[in-house]
Amino acid sequence: MFIREVTPSFIKNSRGERTVQIGLVTYEGKFKASAPSGKSKGKHEVPSYNSKGIDRSMKLLRAFCKRLENRNFMIRKIDDLKLLVKLVRRFEARYGRLGGNVTYALESVFLKAAAADNNKELWEFINDEVNKGSKPKMPRPVGNCIGGGLHSKLIKGRRPDFQEFLFIPREKTFSRAVTVNLRAYEYARKLLRAQGKNDENAWRTNKTNEETLDVLKAVAKKYKLRIGLDVAASTFYGKGYYNYKNKNLIRDKVDQADYIERMIKKYRIFYVEDGMQEEDFSGFKEILNATKENKFKSLIVGDDLTTTNLRLVRRAVNGGAINAMIIKPNQIGSILEVKNVVNFCKKNKIVMIFSHRSGETMDDVLADYCIGFGGQFLKTGIFGRERLIKLKRIIDIEKKLK
Ligand code: PEP
Ligand code: MG
């Protein structure tokens, strides 16, 4: 594909923060991609921007993009992105880092153009290579209904310590699952007497974790949903202790694992993300082993633990710490790395959850990555235009494949 023009710009994400968007013009058409931004980021994520900040990243990106114009790129498969990555590395070695958000947007826009150049949808372009062209399975949505932690402002000084209270429908089709989640979301607002929404459009509350789980369970029963949690334990961990603000108590490592295990049993929780702090592999293992005694299956999910980084994923999987993991491409800033992680997960039967970030954009490419790479779940909010656009993209693909 012949690169006619590459134009980076700033746009605002759903939190109103600046992020990077990149426009690309080829003879096949015009494409654009943008990067989301996390707030409860994992310590081992690649830096989103240059150490001198987003403005420095943009300055470097503008210079880099100029060098791409009037060049021809042959991208017939994902691995052909290597040429672009090589150019980025060479540039960065001389002028400084662009940052993971920037490289993510750059690779995404190139992949969108490459898919069109090959007369394929992006999910198809990926799927044909990664899943050898077999008909893709639709993922299931994991929807954030009620929020606490870093994503939610305090209400009269309180909020749940856990970051996300999630619904996972059992419906056969993705579109039906999205509808059920929306109904459940509305019912939760009523039961909760919710006081506004948080960063991801989940309901805000000043209830404790367990009071919120009681509401979640009541809604789940009515709509036959499974429930999940993103504890995001690192966000309230420090100096060896988990500091629970809402109940004003602290837990050490043993108490924390025990508490999470009790919650899983009491509420029959299907999905638990980051139940322990991000460097506690043995704590994750303790929870995973404990759930094996239960009569129901639970997914013990790494997010901050693994940060879509193959080295950490290997450590977590080989050490028996997780049976599922979050994939957030901008945590590692490279789709080629995502592909390596996906291959490793497949080989080891690790369930993959492709996930949005709390600060999202109107780019729906995450849906294509999820289907193309064969993710079993897509985690987004339930409501809000930046979340709905990704859900809609899956619904559209599902319809097309029927
Ligand atoms: C998460 O922790 O799963 C999440 C989406 O948060 P953030 O994007 O703020 O890192
Ligand atoms: Mg998380």
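Hi everyone. A quick definition to start: when I say helix, I mean a DSSP run of H or I with at least four residues, and helices are numbered from the N terminus. One more thing before we look around: this is a predicted model.

With that in hand, let's go to Asn70. Asn70 sits in the loop that separates α1 (54-68) from α2 (82-95). What is the sign of phi at Asn70? The angle is positive, about 65°, even though Asn70 is not a glycine. And is Asn70 buried or exposed? The relative accessibility is 57%, and the cut-off for exposed is over 50%, so Asn70 counts as exposed.

There is a similar story at Lys224. Lys224 is not a glycine either, and its phi is positive, about 55°. You'll find Lys224 in the loop between α6 (209-223) and β6. Lys224 has a relative accessible area of 62%, so we call Lys224 exposed.

That loop leads us to strand β6 itself, residues 226-230. Here the picture changes. Five of the five residues of β6 are buried, so the rest of the structure largely encloses this strand. As a reminder, side chains in a regular strand alternate between the two faces of the sheet. In β6, Arg226, Gly228 and Asp230 are on one side, Ile227 and Leu229 are on the other, and both faces are covered.

Which strands pair with β6? One is β5 (residues 164-168), which runs antiparallel to β6 and is joined to it by five bridges. Within that pairing, Phe165 has Leu229 as its bridge partner. Another is β10 (residues 271-273), which is parallel to β6, with three bridges between them. In that pairing, Asp230 of β6 stands opposite Glu273 of β10.

Keep those two residues in mind, please, as we turn to the metal. Which residues supply the protein donors of the magnesium ion, ligand 2? They are Asp230 (OD), Glu273 (OE) and Asp303 (OD), at 2.0 to 2.2 Å from the ion. Along the sequence, the spacing of these donor residues reads D-x42-E-x29-D. Since Asp230 belongs to strand β6 and Glu273 to strand β10, the pair ties together parts that lie 43 residues apart in sequence. Asp230 and Glu273 are both buried.

So, to recap: we started with exposed Asn70 and exposed Lys224, moved on to the largely enclosed strand β6, and ended at the magnesium ion, with Asp230 and Glu273 among its donors. Thanks for listening, and I'm happy to chat about any of this.

Conventions: Residues numbered from 1 in each chain as written. Chains lettered and ligands numbered in written order. Predicted model: local features only at pLDDT ≥ 70, side-chain atom pairs only at ≥ 80, totals over all residues. Heavy atoms only, no water. Buried < 20%, exposed > 50% of the residue type's maximum accessible area, 1.4 Å probe, protein only. Helix = DSSP H or I, 4+ residues; strand = E, 2+ residues; numbered from the N terminus. Pairing = 2+ DSSP bridges. Donors = N, O, S within 2.8 Å, 3.2 Å for Na, K, Ca; no water.
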